[in-house]
Amino acid sequence: MRTLLPLAAVALLAGAPAALAQSDDASPDAVGPMVTENKVDTQTFVSTVPNANEFEIQSSKLAQEKSSSADVKAFAGQMIADHTKAGEDFKAAMSQGQTTASIKPAGPALQPKEQHLLGELKSASGKDFDQKYIRMQLDAHKDAVALFSTYAKSGDDPAMKEFAKKTLPVLKMHEKHAKELAVAHQG
């Protein structure tokens with residue numbers, strides 16, 4: 001069960017930058033799901049996870065190709081492995097869910113905001129690439145921790161709620177690692 005958590009966390013983190021934009025995001029194109037401080041509905045949770053997962057995998061594959069930093073490449077490799085596993089865990093939770101039968105999760109295609117972020121990464125290189133990738137990881141993890149924490153407490157589907165609870169510690173670990181990378185690669 002411990003191996004399921006890292007993967008689920010990774011999946012959630014991937015799509016979090018756009019899908020989980022909170023009210024503190026002042027950009028006019030921010031996408032805000034039905035997330036309040038106390039509740040996340042199952043539809044929002046289920047539709048956010050696959051997109052976040054795919055973004056995490058694609059951005060981390062780019063990091064493995066384009067980064068010249070061993071620590072960034074290692075982090076990206078962990079993100080790919082964890083998000084791949086999270087995708088499998090998510091599918092398993094969906095099949096066991098009591099309220100998910102009528103919900104169709106988003107496909108692996110990225111949403112416009114994630115496509116834009118991926119485009120930014122593709123056009124970056126060197127130190128600029130590393131800093132953008134790390135910043136995106138920080139933002140994604142912050143949003144994913146908030147989403148999973150809220151759903152783990154208030155979710156209405158037992159299987160999805162358990163998935164969120166099991167994934168949360170891994171997401172927190174990834175967030176901590178991303179913060180450490182940010183310090184190591186600042187300015």
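**Helix packing around H5**

I would like to begin at the start of one helix, where Asp41 caps the N-terminal end of H2, with a side-chain oxygen placed 3.2 Å from the backbone nitrogen of Gln43. Before I go on, please keep in mind that what you see above is a predicted model, and that the values I quote are computed from it.

Staying with H2 for a moment, this helix covers residues 42-66, which is 25 residues, and at 1.5 Å a residue it should span 36 Å. The C-alpha atoms at the two ends of H2 are in fact 36 Å apart in the model, so the expected span and the modelled one agree.

Let me now step back to the whole chain. The secondary structure comes to 6 helices and 0 strands, and if you follow the sequence from its beginning, the pattern reads α-α-α-α-α-α. The chain has 187 residues, and 51% of them count as buried.

How, then, do these helices lie against one another? Two packed helices are described by the angle between their axes and the distance between the axes, and I will use that pair of values for three contacts, each of which involves H5.

The partner I take up first is H6. Helix H5, residues 126-154, packs with helix H6, residues 158-184, at an angle of about 155 degrees, and their axes are 8 Å apart. Since an angle over 145 degrees counts as roughly antiparallel, H5 and H6 are therefore roughly antiparallel to each other. The crossing in which H5 passes H6 is left-handed, and, sorted by class, the residues in the contact of H5 with H6 are 15 nonpolar, 6 polar and 7 charged.

Two residues of H5 let us look at this part of the structure in more detail. Ile134 is found in helix H5, and with a relative accessible area of 4% it is buried, because buried means under 20%. Ile134 and Ala178 are separated by 44 residues in sequence, yet their C-alpha atoms are 6.3 Å apart in space. Gln137 also has its place in helix H5, and here the relative accessibility is 1%, so Gln137 counts as buried as well. The C-alpha atoms of Gln137 and Lys179 are separated by 8.9 Å, although these two residues are 42 residues apart along the chain.

The next partner is H4. H4 and H5 pack at an angle of about 155 degrees, with 8 Å between their axes, and they are therefore roughly antiparallel to each other. H4 passes H5 in a left-handed crossing.

Is Ser123, in helix H4, buried or exposed? Helix H4 covers residues 112-123 and includes Ser123, and at 62% relative accessibility this serine counts as exposed, because the cut-off for that class is over 50%. Its side chain nevertheless has a partner within the protein, since the side chain of Ser123 reaches the backbone oxygen of Glu120 at 3.1 Å.

Finally, I return to H2, the helix with which I began. H2 and H5 pack at an angle of about 160 degrees, and the distance between their axes is 11 Å. That angle makes H2 roughly antiparallel to H5, and H2 passes H5 in a left-handed crossing.

To close, then, H5 is roughly antiparallel to H6, to H4 and to H2, while Ile134 and Gln137, on H5 itself, are buried.

Methods
Residues are numbered from 1 along each chain as its sequence is written. This is a predicted model: local features need pLDDT of at least 70, side-chain atom pairs count only at pLDDT 80 or more; totals for chains, interfaces and linings use all residues. Side-chain values use heavy atoms; hydrogens and water are left out. Helices (H or I, at least four residues) and strands (E, at least two) are DSSP runs, numbered from the N terminus. The expected span of a helix is 1.5 Å times one less than its number of residues. A polar contact is a pair of N or O atoms within 3.5 Å; within protein, one must be able to donate a hydrogen and the other to accept it, and residues adjacent in sequence count only if both atoms are side-chain atoms. Axes are lines fitted to C-alpha atoms, for helices over the stretch in contact, and angles run from 0 to 180 degrees between N-to-C directions. Angles under 35 degrees count as roughly parallel, over 145 as roughly antiparallel, 65 to 115 as roughly perpendicular and the rest as oblique. A crossing is left-handed if the near helix is turned anticlockwise from the far one by less than a right angle, and right-handed if clockwise. Ala, Val, Leu, Ile, Met, Phe, Trp, Tyr, Cys and Pro count as nonpolar, Asp, Glu, Lys and Arg as charged, and the others, Gly among them, as polar. Buried means under 20% relative accessible area, exposed over 50%, partly exposed in between (1.4 Å probe, protein chains only).
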